[in-house]
Amino acid sequence: MINAAYLQHGPDLDAVTTLAPARMATACRRVGARFVHVSTDVVFDGTTDRPYRETDPVSPVHEYGRAKAASEAAVLTADPSAVVARTSLLWGDRDDPGPQVMLTTRSDMSFYEDEYRNPISVVALAAACRELAGRDDVTGLLHVAGADTVSRLEFAQRVCGLVGVDAGALKGSDRPDDPTRPGNCPLDSSRARELLDTPLTGIREFVS
């Protein structure tokens, strides 16, 4: 079973993002089913000067990050044989580009030039999760993100063609000094690249 459901805010945040995955993991362990839980890079505070590794302690700075960090711990307590796949910004295709891509259509948006992530396509992430679902030799935390560390602005520029936006029209800005917003959250996915047959390609290989 692969769980990618979540809420980022609202009254059902804890129920959906934290409690439900643990119950799914418990049910999977009971029947001997494999459980893959999709998590996020914002379980970290973004103050790193290098990509985060699986062994780094979590340090969430907002409600969603805390809920995801709690879900990771709860899942692995309920089922130590499960996999928690942390990932980053996602993009889709022209039919379903995804919320991050849709931000490029808003004239009031600016994109940070000094905040860095490792975007991965939905197709690649789904393939990696399907592979993990069949790999009972991989357990625990695993970073599953794209190969390229890019700014939010570069990511927006590379995917905006999916929704017919001119990359030159996008505005860049510096990240605000906000302690409740993670800064740089690059993920070191070298372990996943060694373990998986699925290629974790980066955004710079993508042509929209």
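Which residue in β2 is the bridge partner of I2? The partner is V36, and this contact belongs to the sheet described below. The structure is a predicted model.

## The parallel sheet

Four strands form an open sheet in the order β1-β2-β3-β8, with parallel pairing. Its edge strands are β1 (residues 2-3) and β8, each of which pairs on one side only. Strand β1 is joined to β2 by 2 bridges, and the two strands run parallel; the bridge between I2 and V36 links them.

Strand β2 covers residues 36-40 and pairs with β3 in the parallel sense over 5 bridges. Within this pairing, H37 has V84 of β3 as its bridge partner. On the connection between these strands, helix α2 (residues 63-78) joins β2 and β3 in a right-handed β-α-β unit. Strand β3 is also joined to β8 (residues 140-143), by 4 parallel bridges. Here V84 appears again, with L141 as its bridge partner in β8.

## Burial of strand β3

Strand β3 spans residues 83-87, and 5 of its 5 residues are buried, so the strand is largely enclosed by the rest of the structure. The burial applies to both faces. On one side lie V83, A85 and T87, and on the other V84 and R86, all of them buried. The charged residue R86 is thus listed among the buried positions of this strand.

## The largest pocket

The largest pocket has a volume of about 930 Å³. Its lining comprises 32 residues, of which Y6, Q8, Y64, S88 and Q100 lie nearest the centre. The elements that give two or more residues to this lining are β2, α2, α3 (residues 99-102) and α4 (residues 122-133). Helix α4 provides the largest share, 4 residues.

How many residues of the lining of the largest pocket are nonpolar, polar and charged? The lining divides into 15 nonpolar, 10 polar and 7 charged residues. Strand β2 and helix α2 therefore have two roles in this description: they contribute to the pocket lining, and they are parts of the right-handed β-α-β unit with β3.

## Aromatic contacts

The structure holds 4 aromatic pairs. One of them is formed by W91 and F155, whose ring centres are 6.4 Å apart with 55° between the planes, a tilted arrangement. W91 lies in strand β4 (residues 90-91) and F155 in helix α5 (residues 152-159), so this pair ties together parts that are 64 residues apart in sequence. W91 is buried, with a relative accessible area of 4%, and F155 is likewise buried, with a value of 2%.

W91 also pairs with F206: the ring centres are 5.1 Å apart and the planes stand at 45°, so this pair is tilted as well. Because F206 belongs to the segment after α6 (residues 190-195) while W91 lies in β4, the contact ties together parts that are 115 residues apart in sequence. F206 is partly exposed, with a relative accessible area of 21%, a value just outside the buried class, which is set at under 20%. W91, F155 and F206 form one aromatic cluster.

Key
Residues are numbered from 1 along each chain as its sequence is written. This is a predicted model: local features need pLDDT of at least 70, side-chain atom pairs count only at pLDDT 80 or more; totals for chains, interfaces and linings use all residues. Side-chain values use heavy atoms; hydrogens and water are left out. Buried means under 20% relative accessible area, exposed over 50%, partly exposed in between (1.4 Å probe, protein chains only). Two strands pair if DSSP finds at least two bridges between them. A crossover is right-handed if, with the strands pointing away from the viewer, the path from the first strand over the helix to the second runs clockwise. On a 1 Å grid over the protein atoms alone, a cavity is a set of points where a 1.4 Å probe fits but cannot get out, and a pocket is an open set with protein on both sides within 12 Å along at least five of seven lines; lining residues have an atom within 4 Å of a point. Grid points are joined across faces, edges and corners, and a volume is the space filled by probe spheres set on the points. Rings of Phe, Tyr and Trp (its six-membered ring) pair if their centres lie within 6.5 Å; planes under 30 degrees apart count as stacked, over 60 as edge-to-face and the rest as tilted.
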